[in-house]
Amino acid sequence: MFFDELVVQTAGERNALLGVPLIQNALQGKVNRQAYVEFLTQAYHHVRHTVPLLMTCGARMPDRLSWLRDAIVEYIDEETGHDEWILADIRAAGGDADAVRNGQPSQATELMVAYAYDGVSRRNPVVFFGMAHVLEGTSVQLASHAAEILRKSLDLPVKAFTYLTSHGSLDVEHTKTFETLVNRLENTEDRAAIIHAAKMFYRLYADIFRGVDEVTA
């Protein structure tokens, strides 16, 4: 099945992401509050583009993939408002949510978002699913577990972890749906586009975590 191929083909990039020091430190409770708020800041600046990217993806989907549009509509409905959840978490963690809302993303975040728009608009709209595989797959592996560890180590309230805890469970369901969807893709160019995009997004996402480390060290 194509999903299994996607996992195998991107294993190296996935392992490189999971090995980033910030992620490993978070899983050991060795991340400070500043780093957590910075992580949420960058999450806000890419999550706020999820719905616009999905809309662009749906609008550019060719007729041969029209069956994907229903899934995109459902995805839009589920993802709407998640950027506001992140801002609420930032407030609960003692950060300045208004400054984040009106601020600029890091260079790494800006590059990942730009790559997503370019891929969906110029190359093949299924590129979005390469990004979804990376972000949601990483969330399933790390989010809920990291949230519990960080909550204790940082002594923050539960309401400061809405984004991580909700996405840990929500993305489990998304991953199951994702697997079903991509396994229906038969065109070799579509499959190649998703694999290539996933490899790139693993690297781009890893750079975001490295950037958080650099500014909060």
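## Lys-152 and the salt bridges of α10

Let's start with Lys-152, which is exposed because its relative accessible area is 58%, over the 50% cut-off for that label. Keep in mind that this is a predicted model. The side chain of Lys-152 meets that of Glu-148 in a salt bridge, at 3.4 Å from N to O. The two sit four residues apart in helix α10, so about one helical turn separates them.

Glu-148 has another partner too: Glu-148 forms a salt bridge with Arg-151, and here the closest N and O atoms are 3.2 Å apart. Glu-148 and Arg-151 are three residues apart in helix α10, so again the separation is about one helical turn. As for accessibility, Glu-148 comes out at 35% and so counts as partly exposed, while Arg-151 is partly exposed with a relative accessible area of 27%.

## A bridge from α8 to α7

How many salt bridges does the structure hold? The count is nine. One of them pairs Arg-101 with Glu-84, with 2.9 Å between the closest N and O atoms. This pair ties together distant parts of the chain: Arg-101 belongs to helix α8 (residues 97-102) and Glu-84 to helix α7 (residues 82-92), 17 residues apart.

Are these two partners buried or exposed? Neither label fits: Arg-101 is partly exposed, because its relative accessible area is 32%, and Glu-84 is partly exposed as well, at 35%.

## Gln-42, a buried polar side chain

Now for helix α4, which covers residues 33-47 and includes Gln-42. Gln-42 has a relative accessibility of 3%, so it counts as buried; the cut-off is under 20%. The side chain of Gln-42 makes a polar contact of 2.8 Å with the side chain of Glu-38.

Which residues does Gln-42 touch, once those up to four places away in sequence are set aside? They are Pro-105, Ser-106, Thr-109, Ile-208 and Val-212.

## His-49, between two helices

His-49 has its place in the loop between α4 and α5. Loop or not, His-49 counts as buried because its relative accessibility is 17%, and the limit for that label is under 20%.

The side chain of His-49 has polar contacts with two other side chains. One is with Arg-48, at 3.3 Å, and the other is with Tyr-117, at 2.9 Å. Not counting residues up to four places away in sequence, His-49 touches Val-113 and Tyr-117. Tyr-117 therefore turns up both as a polar partner of His-49 and in the list of residues His-49 touches.

## How α5 meets α10

The helix that carries Glu-148 and Arg-151 also packs against another helix. Helix α5 (residues 50-60) and helix α10 (residues 127-154) pack at an angle of about 145°, and their axes are 10 Å apart. On the α5 side, the residues that meet α10 are Thr-50, Leu-53, Leu-54 and Cys-57. Facing them in α10 are Phe-128, Phe-129 and Met-131. By type, the residues of this contact split into six nonpolar, one polar and no charged.

## The buried side of α1

Helix α1 spans residues 2-9, and Phe-2, Phe-3 and Leu-6 in this helix are buried. Why do these residues share the same side of α1? They cover an arc of only 105° around the axis, which puts them on the same side of the helix.

## Asp-213 in α12

Last up is Asp-213, found in helix α12 (residues 188-216). Asp-213 counts as partly exposed because its relative accessibility is 24%.

In sequence, Asp-213 and Ala-35 are 178 residues apart, but in space they are 7.0 Å apart, C-alpha to C-alpha. Ala-35 falls in helix α4 by its number, given that α4 runs over residues 33-47. Leaving aside neighbours within four places in sequence, Asp-213 is in contact with Pro-21 and Leu-22.

Technical notes:
Residues are numbered from 1 along each chain as its sequence is written. This is a predicted model: local features need pLDDT of at least 70, side-chain atom pairs count only at pLDDT 80 or more; totals for chains, interfaces and linings use all residues. Side-chain values use heavy atoms; hydrogens and water are left out. Buried means under 20% relative accessible area, exposed over 50%, partly exposed in between (1.4 Å probe, protein chains only). A polar contact is a pair of N or O atoms within 3.5 Å; within protein, one must be able to donate a hydrogen and the other to accept it, and residues adjacent in sequence count only if both atoms are side-chain atoms. Contact means heavy atoms within 4.5 Å. Axes are lines fitted to C-alpha atoms, for helices over the stretch in contact, and angles run from 0 to 180 degrees between N-to-C directions. Ala, Val, Leu, Ile, Met, Phe, Trp, Tyr, Cys and Pro count as nonpolar, Asp, Glu, Lys and Arg as charged, and the others, Gly among them, as polar. The arc is that of the directions from the helix axis to the C-beta atoms. A salt bridge is a side-chain nitrogen of Lys or Arg within 4 Å of a carboxyl oxygen of Asp or Glu.
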